[in-house]
Amino acid sequence: MEILFLGTGSAWGVPEHACECAICSEMRARGEERTRTSFLVRSDEVLLVDCGPDLRRQMIRSGMECPDAVLITHEHGDHFLGLDDLLPFRRSVPVDQWKPLPVYATEITWKSIEARFGYLLGSLMEKRLAIPGKLLEGLATRVTPFKTFHGPSAPGSVGYAIEESKPNGNTKLVYTSDFLKMDEKPILMEPSALIMQVHWLYEPRNNRPYHMSFQRAIDYIRRWNPIGETYLVHMSAGDLVPGDPKNNILKKLEPVEPMVDPTTGEIYPIPRCQDEWQTVVNRICRDYGITGPVLVAEDGMKVKL
């Protein structure tokens, strides 16, 4: 199984246009960018997991092939508004050689998809249901959706467990997508790899978008006990950077209680770029007893499981 991270950013990407906060400014100066979170899984077939408004650019940048199916996690625009950008795959083959792409989502999420892209049904895509706890029908790969809580604006939200069976053993990839919390489920335990949504470093006092912070993610990682790597995605620019004059803008949220180094008592610094994210995550994992590797994913990153 291979994973290609097409995008690793939050709903508006990072750096955000017109934002001069310390995080966006540092990333802009370094030439770094996180487009909307989406990734490709290559196994017995090619699965596209979520497709936001950056999909066309992500496809061109990566040379992405036509997927065999699309898995949509929920009804927020940064996770499905790129469906229309899959049309070039249909437009570039003889008419009699095209078969509509199976697109999986929950019934609730499909209401939003059909309201926006109903004209694509039967031509570009075929509607298929993702029912939490039940294997997706019609795929060569074992894929099981599981219910997540991502707030009242995304009641159809699910994550996906993707399993591959090979002669040398089984591989299970778990993707949480966006979530604030979820019930414990056996399918989440001991994945070969975990892709975890992490919107901020520190848990905000007012978690109005119902997202996960790395501060709280630590407990989930510890309980689920991944056998291999944990990959962090969906990072934003919403953490308060001490001394930043732009800390008063809308997207900046005050933390409940920043984490501190148990030895020195110092607060861990807010990461402003890829290198700083990985450095801070490494320190926190070491200090708080997370033994498995936790890697901050970046756009274009490719890994084999």
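Reader: Let me start with R222. What does R222 count as, in terms of accessibility?

Author: R222 counts as partly exposed, because its relative accessibility is 41%. Please bear in mind that this is a predicted model.

Reader: Which residue forms a salt bridge with R222?

Author: The partner is D219, and the closest N and O atoms of the two residues are 3.4 Å apart. D219 is partly exposed as well, because its relative accessible area is 40% and the partly exposed class runs between 20% and 50%.

Reader: And where do D219 and R222 sit in the chain?

Author: Both belong to helix α5, which covers residues 214–224. The two are 3 residues apart, so about one helical turn separates them.

Reader: Which residues are joined into one network by salt bridges that share partners?

Author: That network consists of E26, R30, R272, D275 and E276.

Reader: How many salt bridges does a search of the whole structure find?

Author: The search finds 23. As background, side chains of opposite charge can pair when their charged atoms come close.

Reader: I would like one that links distant parts of the chain. Which residue does E2 meet in a salt bridge?

Author: E2 meets K304, with a distance of 3.5 Å from N to O. E2 lies in strand β1 (residues 2–7) and K304 in strand β13 (residues 302–304), so the pair links parts of the chain that are 302 residues apart.

Reader: OK, and E2: buried or exposed?

Author: E2 counts as buried, because its relative accessibility is 12% and buried means under 20%. K304, by contrast, counts as exposed at 68%, since that class is over 50%.

Reader: What about E163, which residue does it form a salt bridge with?

Author: E163 forms one with R142, and their closest N and O atoms are 3.8 Å apart. E163 lies in strand β8 (residues 158–166) and R142 in strand β7 (residues 142–147), so the salt bridge ties together parts that are 21 residues apart in sequence. Each of them is partly exposed: E163 has a relative accessible area of 23%, and R142 stands at 42%.

Reader: Changing topic to strands: in which sense do β5 and β6 pair?

Author: Strand β5 (residues 101–105) and strand β6 (residues 125–129) pair in the parallel sense, over 5 bridges. For example, V103 has K127 in β6 as its bridge partner.

Reader: Through which helix does the chain cross from β5 to β6?

Author: The chain goes through helix α4, residues 107–117, and this β-α-β crossover is right-handed.

Reader: Now the pockets. What is the volume of the largest pocket?

Author: Its volume is about 430 Å³. The largest pocket is lined by 22 residues, and those nearest its centre are A11, W12, H199, P209 and H211. By class, the lining of this pocket divides into 8 nonpolar, 9 polar and 5 charged residues.

Reader: How many cavities of 30 Å³ or more does the structure hold?

Author: The structure holds 1. The largest cavity has a volume of about 50 Å³.

Reader: Which residues line the largest cavity?

Author: The lining includes V14, I23, M27, E32 and R34, and also M235, S236, R272, C273, Q274 and W277. R272 thus appears here and in the salt-bridge network described above. Helices α1 (22–30) and α6 (274–287) each supply at least two of the lining residues.

Reader: And how does the lining of the largest cavity divide by class?

Author: The lining of the largest cavity has 6 nonpolar, 2 polar and 3 charged residues.

Key
Residues numbered from 1 in each chain as written. Predicted model: local features only at pLDDT ≥ 70, side-chain atom pairs only at ≥ 80, totals over all residues. Heavy atoms only, no water. 1 Å grid on protein atoms, 1.4 Å probe; cavity = no way out; pocket = protein on both sides within 12 Å on 5 of 7 lines; lining within 4 Å. Points joined across faces, edges and corners; volume = space filled by probe spheres on them. Nonpolar A, V, L, I, M, F, W, Y, C, P; charged D, E, K, R; others polar. Helix = DSSP H or I, 4+ residues; strand = E, 2+ residues; numbered from the N terminus. Pairing = 2+ DSSP bridges. Right-handed = clockwise from strand over helix to strand, strands pointing away. Salt bridge = Lys/Arg side-chain N within 4 Å of Asp/Glu carboxyl O. Buried < 20%, exposed > 50% of the residue type's maximum accessible area, 1.4 Å probe, protein only.
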